[in-house]
Amino acid sequence: MLWLVENHSLPRTAAFFDLDKTVIAKSSTLTFSKSFYQGGLINRRAVLRTAFAQFVFLAGGADHEQMERLREYLSALCRGWNVQQVRELVAETLHDLIDPIIYDEAASLIEEHHAAGRDVVIVSTSGAEVVEPIGELLGADRVIATRMVVEDGVFTGEVEYYAYGPTKAEAIAELAETEGYDLARCYAYSDSVTDIPMLESVGHPHAVNPDRALRREAIARDWPVLSFSRPVRLKQRLPSLSMPPRPVLVAAAVGAAAATAGLVWYASRRRVPYVRV
């Protein structure tokens, strides 16, 4: 084990995980583009565009300005989508699309944090309708995610809460106050330089598969740099390490929301040794 069980006489602690390229190997929402196409939500042209977005995302080649332009495009794209239909499409394809791309190393970390008595919180720029089911699949205790405005059961295309950059850190601070977490003893994991505020908010920050800018910051600040490279289906891991289902409690920043808000992010177990760079 990496850590001893928490001393319960001390304040509670948690481990905060970014999702895309930290816990799973791809963009969570873009992964569902084929499902959205088959469900009639997007056309073939949009599928191709999201496929390109996935490539750019994985290559780490999109800067903040590009992400903002694409955020606007994709927020407009989901205008008029039926919320319940999105939820059903995500539920129907969750295991086929997400389970195979969960990093074995991340799943082991989640297990070890739980074993040490810490809550596990997924903090993602993707939309709640995508992140909440993934959080439940992972056995997370809570979720912080982007949410969009919903009227009469459909997305208006307006973003109500954008879980990005400093707003992630703000949501973590609010959750810590509500749940009694001692942030100085908490952990955080992310791949993106935009999550520096989140990483700075805890006593034990970690860079996972970091982009160039975050790698530079992590080295300068002497933060651990972890390399996750083994996507493995949860059911293929050792039975003793498989995670039982745990209810996902949504943080205050996340309510009934639109999975497609996760398209915003596009704009923006065996344990194995962790590679420190």
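**Two positive phi values, an enclosed helix and two cores**

Aspartate 152 is exposed, with a relative accessible area of 82%. In this predicted model, aspartate 152 is found in the loop that links strand E3 (142–151) to strand E4 (154–161). Its backbone is a bit out of the ordinary: phi of aspartate 152 is near 55°, a positive value in a residue other than glycine. Most residues other than glycine have a negative phi.

Lysine 21 does the same sort of thing, with a positive phi near 65°. This residue lies in the loop between E1 and helix H1 (33–38). Here the surroundings are another matter: lysine 21 has a relative accessible area of 14%, and because that is under the 20% cut-off, lysine 21 counts as buried.

Stepping back to the whole chain, the secondary structure comes to 10 helices and eight strands. Of the 277 residues, 56% count as buried. The accessible surface adds up to about 12100 Å², and carbon and sulfur atoms account for 53% of that.

Among the helices, H5 deserves a closer look. Helix H5 spans residues 104–115, and its 12 residues reach 16 Å from first C-alpha to last, close to the 16 Å expected. Since 11 of those 12 residues are buried, H5 is largely enclosed by the rest of the structure. The buried set isn't just greasy side chains: it includes Asp104, Glu105, Glu111, Glu112, His113 and His114, along with Ala106, Ala107, Leu109 and Ile110. As for what does the enclosing, the buried residues of H5 pack against strands E1 (14–17), E2 (119–127), E5 (187–190) and E7 (225–226), and also against helix H6 (128–138). After H5 comes glycine 117, which has a positive phi near 90°.

That leaves the nonpolar interior. The largest nonpolar core holds 45 residues, and Phe17, Phe36 and Ile98 have the most contacts inside it. Elements giving two or more residues to this core are strands E1, E2, E3 and E5 plus helices H4 (83–97), H5 and H6. H6 makes the largest contribution, with six residues. Zooming in on phenylalanine 36, and skipping its neighbours within four places in sequence, the contacts are with Thr29, Leu41, Ile42, Trp81, Val86, Leu89 and Val90. Apart from the largest core lies another one, of 24 residues, with Val121, Ile144, Ala188 and Ala218 among them.

Methods
Residues are numbered from 1 along each chain as its sequence is written. This is a predicted model: local features need pLDDT of at least 70, side-chain atom pairs count only at pLDDT 80 or more; totals for chains, interfaces and linings use all residues. Side-chain values use heavy atoms; hydrogens and water are left out. Helices (H or I, at least four residues) and strands (E, at least two) are DSSP runs, numbered from the N terminus. The expected span of a helix is 1.5 Å times one less than its number of residues. Buried means under 20% relative accessible area, exposed over 50%, partly exposed in between (1.4 Å probe, protein chains only). Contact means heavy atoms within 4.5 Å. Accessible areas come from the Shrake-Rupley method with a 1.4 Å probe; for residues, only the protein chains shown count as cover. A nonpolar core is a set of buried Ala, Val, Leu, Ile, Met, Phe, Trp, Tyr and Cys residues joined through side-chain atoms within 4.5 Å.
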